[in-house]
Amino acid sequence: MTKSDHVALTLSSASIAGITGGGSGVGSDEGNLSRKSLRRSWNQLPRCQRNLIIMGITAFCVTLLLFLPGDQLINMKDLKPGAARFHMRRENTLQNPHHHPNLLPEKSDNELPAEISAAVASPMTEDRLIKQELLTDKVAGNVAYSDGNSAENVVRLPETAVAGNENINGLIDIVNNVEQPIDRESALPIDETSDMRAELEEAIQHPHHLAGESIDLHLKKMQSQLAKPQHFHGATNERQSAVVAAFKHSWAGYKKYAWGHDNLKPVSQTSHEWFGLGLSIVDSLDTMYIMGLEDEFNEARDWVKDSLRFHTSRDVNLFEVTIRVLGGLLSAYHLSGDQMFLVKASELGNRLLPSFLSPSGIPYSDVNLGERSAHSPKWSPDSSTSEVTTIQLEFRDLSRSTNVPIYERVVNIVNEKVHALDKNHGLVPIFINANTGTFRNYATISLGARGDSYYEYLLKQWIQTGCKDNDNLILDYMQAIDGVLTQLMRRTPRENWVYIGELINGHDFKPKMDHLTCYLPGTLLLGHQNGMPDSHLLLARDMMDTCYQTYIKQPTQLAAEISYFALNDKDEHDIYVKPNDAHNLLRPEFIESLYYFYALTGNRTYQDMGWTIFQAFEKHSKVAAGYTSLGNVKNTLNTRMRDLMESFWMSETLKYFYLLFSDNRKEIDLEKWVFNSEGHPLPVYQQ
């Protein structure tokens, strides 16, 4: 026997059992012996080998900790009974979380006071606290941006709760909860939802039917749910009376020289045809009703009933016909309570549906109302982004008014598809392909032509549907304003006018701003009134000042279609207009913003600003048979009349002037009504 420090003793299992007194403890004793054997084996190893093994195990554990995602390391003592053991936060997915006040239908008994809940909902430094009260005139305050385009001006996404989805500490998992569950059918192409496709084709094949029966019979069954007439009192002051006189002058010229046609050419005293749908009549219905012009309204109503026909084989633009004709008919119905307008709107809605039979669900831009077919524009395979995203208010209202869901369903598909597309800081290219459902590569990004009302309708759809929390509409809107502040907003070098430029090819900044962009101040203020951050209010104020300057700096005191802005001191003027862009088309966008500022603040300064502009139209645009667009606002002696009075002059510009000058700034209550992109008020549907 060789000499050794240890003696090995081997026992049979029977011997072990005998020693322990039977077989009942075999399992536990074998485990004890196993552990003793492991310890004995470990002790037999040389110390250097044991140290190497310990170092190896330590290195493995450290490596494991380094590569384990940090958001899965949870302090186990914080876990509550029944709580999930792991909480995936993915904080890097959401760069700028930000609380905004929840819009609750009722006030809870144990609700925090408004000032405290505001501080909790919107944590800010003390000098930036947002007081939760109606604007008396916050616009008059002196608040400056911290730095022109600094990250501090970035709008942050709202952080709102979803019931039953709180983490272990009662905190909200923003990323996982920002979207409410979506009906999968609404996000599928129409071809993949057979029942929806059948419903769509049924409506297209039978344009005079609703839900498988005649429109009249269907509406008769829901008689108690139909709209009741609203009441207006007419002009109450000299400025409103002046606007009514301007409307009557415009209407008289149209009636005499262009009755039944789309637009008036007031200089040559002839008509101009676009779609053959009597645009000026349908577009003006609600303006006349609000102004109390009963005779004019009744003669327009009779023309719609007897002469407005949609069966002519002629291509029309989906967007323009939706906002002007469908929106005009629906607004006239809601204000007057006249069911005839809803009958006409229902037929038109059915005839517009072929636009949605595209491979992607993004609608074609052109539709033939008579043949009930649709296609991309002849000049391009792409549709304008603003056009396919500025039909939702009207189609949704048609569904809610008739209890027929197909119209709302098709535009919800558009919403979901555009929401899912990649964007540039929330900003969208101005072209989108109806076949592929994707944006055009390297297209311009602009808040002017072909892009403007996409952003407007994000907010207004959210308001129309009751300002629901966790809605993609408002999340996309806030991300977009974030993008405006960080990517498009600039100041002029000397006078510090704030303006919104464009990104050519999606990335090259151009200091150009369309007059169309002057809708933005009013939209931003409307959003702020509904809980959006103070940064929106700051931008609204600054943009309001700049847009007013585009009028006042011109000799005619009328704004040009496009303005340019200085990038540095080498430019002679901070704001200037190129000769080819000096025309004025009687557009309403800035008057619309003035109306929102007056209606939401009560500050009559905005009425005075509007009156200055109204008098400029009276001086330079008024002719014997109406009001004409101008070719040159830079020369009072040579304005070069363009001889066209578009329907939006009576539909929007004069309507907003009239409401701006009202003694009752809630003549149209913005908590109950939302204006479409053509100035037609539609009702807000509460949750």
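Tutor: Before we start, a helix here is a DSSP run of H or I with at least four residues, and helices are numbered from the N terminus. Keep in mind, too, that this is a predicted model.

Student: Okay! How many salt bridges does a search of the whole structure find?

Tutor: The general idea goes like this: side chains of opposite charge can pair when their charged atoms come close. Searching the whole structure turns up 26 salt bridges. Take Arg351 and Glu347, whose side chains meet in one at 3.0 Å, N to O.

Student: Why are Arg351 and Glu347 separated by about one helical turn?

Tutor: Because they sit four residues apart in helix 12 (residues 339-352). Both Arg351 and Glu347 are buried, by the way.

Student: Which side chain meets Lys460 in a salt bridge?

Tutor: That's Glu456, at 2.7 Å, N to O. This pair shares helix 16 (residues 452-464), and the two are four residues apart, about one turn of the helix.

Student: Does "buried" have a number behind it? I mean, why does Lys460 count as buried?

Tutor: Buried means under 20% relative accessible area. Lys460 has 0% relative accessibility, so it counts as buried. Glu456 counts as buried because its value is 5%.

Student: And where do Arg587 and Glu561 lie in the chain?

Tutor: First, the bridge itself: the closest N and O atoms of Arg587 and Glu561 are 3.0 Å apart. This pair links distant parts of the chain, 26 residues apart. Arg587 lies in the loop between strand 18 (575-576) and helix 20 (589-601), while Glu561 is in the loop between helix 19 (534-552) and strand 17 (562-565). Arg587 is buried, with a relative accessible area of 17%, and Glu561, at 12% relative accessibility, is buried as well.

Student: Which residues are linked in a network of salt bridges?

Tutor: Asp195, Glu199 and Arg409 are linked that way.

Student: You mentioned helix 19. Why is it largely enclosed by the rest of the structure?

Tutor: Because 17 of its 19 residues are buried. From first C-alpha to last, helix 19 reaches 27 Å, close to the 27 Å expected at 1.5 Å a residue.

Student: Last one: at what angle do the axes of helix 8 and helix 10 cross?

Tutor: Two packed helices are described by the angle between their axes and the distance between the axes. For helix 8 (residues 238-257) and helix 10 (residues 294-307), the axes cross at roughly 35 degrees and come within 12 Å. The crossing is left-handed. Lys248, Trp251 and Lys255 in helix 8 meet Glu296, Glu299 and Ala300 in helix 10. That contact divides into two nonpolar, no polar and four charged residues.

Conventions
Residues numbered from 1 in each chain as written. Predicted model: local features only at pLDDT ≥ 70, side-chain atom pairs only at ≥ 80, totals over all residues. Heavy atoms only, no water. Salt bridge = Lys/Arg side-chain N within 4 Å of Asp/Glu carboxyl O. Buried < 20%, exposed > 50% of the residue type's maximum accessible area, 1.4 Å probe, protein only. Expected span 1.5 Å × (residues − 1). Axes fitted to C-alpha atoms, helices over the stretch in contact; angles between N-to-C directions. Left-handed = near helix turned anticlockwise from the far one by under 90°. Contact = heavy atoms within 4.5 Å. Nonpolar A, V, L, I, M, F, W, Y, C, P; charged D, E, K, R; others polar.
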